[in-house]
Amino acid sequence: MTGKLNNSAPSPRQTAKFLTATTLGAMLLFLSGLTFTGTVIALVMATPLMVLFSPVLVPAGLAILLVTTGLLFSGGCGVAAITALSWIHNYVQDKHNTPPGAADHLEYSRI
């Protein structure tokens with residue numbers, strides 16, 4: 001029974017990879033949420049200014065640029081977090097793709 005448990009336990013390298021990817025995914029997801037919240041608050045605060053000063057196009061254009069940049073950055077962080085978490089899920093489920101013959105090259109390099 002003990003031998004069976006030792007064979008199924010993850011290696012320290014796999015554990016380190018998992019913890020690193022999980023931390024990275026969680027940080028990116030948190031950063032995405034934080035950026036999205038800040039962008040929405042900035043949009044709420046900037047909307048009355050854009051309505052009051054609509055004849056002035058430069059501040060309105062700047063506000064739109066900042067809001068767009070914030071939303072794109074938030075979306076990018078969200079996509080990166082989802083990608084990292086998807087990779088973690090596939091790695092834990094042993095569904096990671098290895099090209100044909102790559103295992104042979106890996107074993108040869110360990111010798």
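## Cover over helix H3

In this predicted model, helix H2 (12-52) is part of what covers the buried residues of H3. Those buried residues are Ala-60, Ala-63, Val-67, Gly-70, Ser-74, Cys-77, Gly-78, Ala-81, Ala-84, Ile-88 and Tyr-91.

Helix H3 runs over residues 57-92 and holds 36 residues. From first C-alpha to last, H3 reaches 52 Å. That is close to the 52 Å expected at 1.5 Å a residue. After H3 comes Asp-94, with a positive phi near 55°.

## Where H2 meets H3

Two residues of H2 show the contact in detail. Ser-32 sits in helix H2. Its relative accessible area is 10%, so Ser-32 is buried, the cut-off being under 20%. Leaving out residues up to four places away in sequence, Ser-32 touches Ser-74, Cys-77 and Gly-78. Ser-74, Cys-77 and Gly-78 are among the buried residues of H3.

Thr-39 is also placed in helix H2. Thr-39 has 9% relative accessibility and therefore counts as buried. What does Thr-39 touch, not counting residues up to four places away in sequence? The partners are Val-67, Gly-70 and Leu-71. Val-67 and Gly-70 are on the list of buried H3 residues.

Trp-87 belongs to helix H3. Is Trp-87 buried or partly exposed? Trp-87 counts as partly exposed because its relative accessibility is 38%, and the partly exposed class lies between 20% and 50%. The C-alpha atoms of Trp-87 and Ala-21 are separated by 8.4 Å. Along the chain, Trp-87 and Ala-21 are 66 residues apart.

## Annotated transmembrane spans

An unreviewed UniProt entry lists residues 21-45 and 57-88 under "transmembrane region". In the model, residues 21-45 are 100% helix and 0% strand. The end C-alpha atoms of residues 21-45 are 36 Å apart.

Residues 57-88 are likewise 100% helix, with 0% strand. For residues 57-88, the end C-alpha atoms lie 46 Å apart.

## A nonpolar patch

Leu-49, Leu-52, Phe-53, Val-56 and Val-58 make a nonpolar surface patch. The area of this patch is about 530 Å².

One patch member, Val-58, lies in helix H3. Why does Val-58 count as exposed? Its relative accessibility is 69%, and the cut-off for exposed is over 50%.

## The chain as a whole

The protein chain has 4 helices and 0 strands. From the N terminus on, its elements run α-α-α-α. How many of the 111 residues, as a percentage, count as buried? The figure is 15%. Ser-32 and Thr-39 both count as buried.

The accessible surface of the chain comes to about 8700 Å². Carbon and sulfur atoms account for 73% of that surface.

Contacts in the chain can also be sorted by sequence separation. Take those between residues at least 6 apart in sequence. Of these, 85% join residues at least 24 apart. The contacts of Ser-32 with Ser-74, Cys-77 and Gly-78, and of Thr-39 with Val-67, Gly-70 and Leu-71, link H2 to H3.

Technical notes: Residues are numbered from 1 along each chain as its sequence is written. This is a predicted model: local features need pLDDT of at least 70, side-chain atom pairs count only at pLDDT 80 or more; totals for chains, interfaces and linings use all residues. Side-chain values use heavy atoms; hydrogens and water are left out. UniProt positions are given in the numbering used here, feature names are shortened, and annotations may be inferred rather than shown by experiment. Helices (H or I, at least four residues) and strands (E, at least two) are DSSP runs, numbered from the N terminus. The expected span of a helix is 1.5 Å times one less than its number of residues. Buried means under 20% relative accessible area, exposed over 50%, partly exposed in between (1.4 Å probe, protein chains only). Contact means heavy atoms within 4.5 Å. Patches are made of residues with over 30% relative accessible area and no salt bridge: like charges are joined within 9 Å, nonpolar side chains (Val, Leu, Ile, Met, Phe, Trp, Tyr) within 5 Å. Accessible areas come from the Shrake-Rupley method with a 1.4 Å probe; for residues, only the protein chains shown count as cover. A salt bridge is a side-chain nitrogen of Lys or Arg within 4 Å of a carboxyl oxygen of Asp or Glu.
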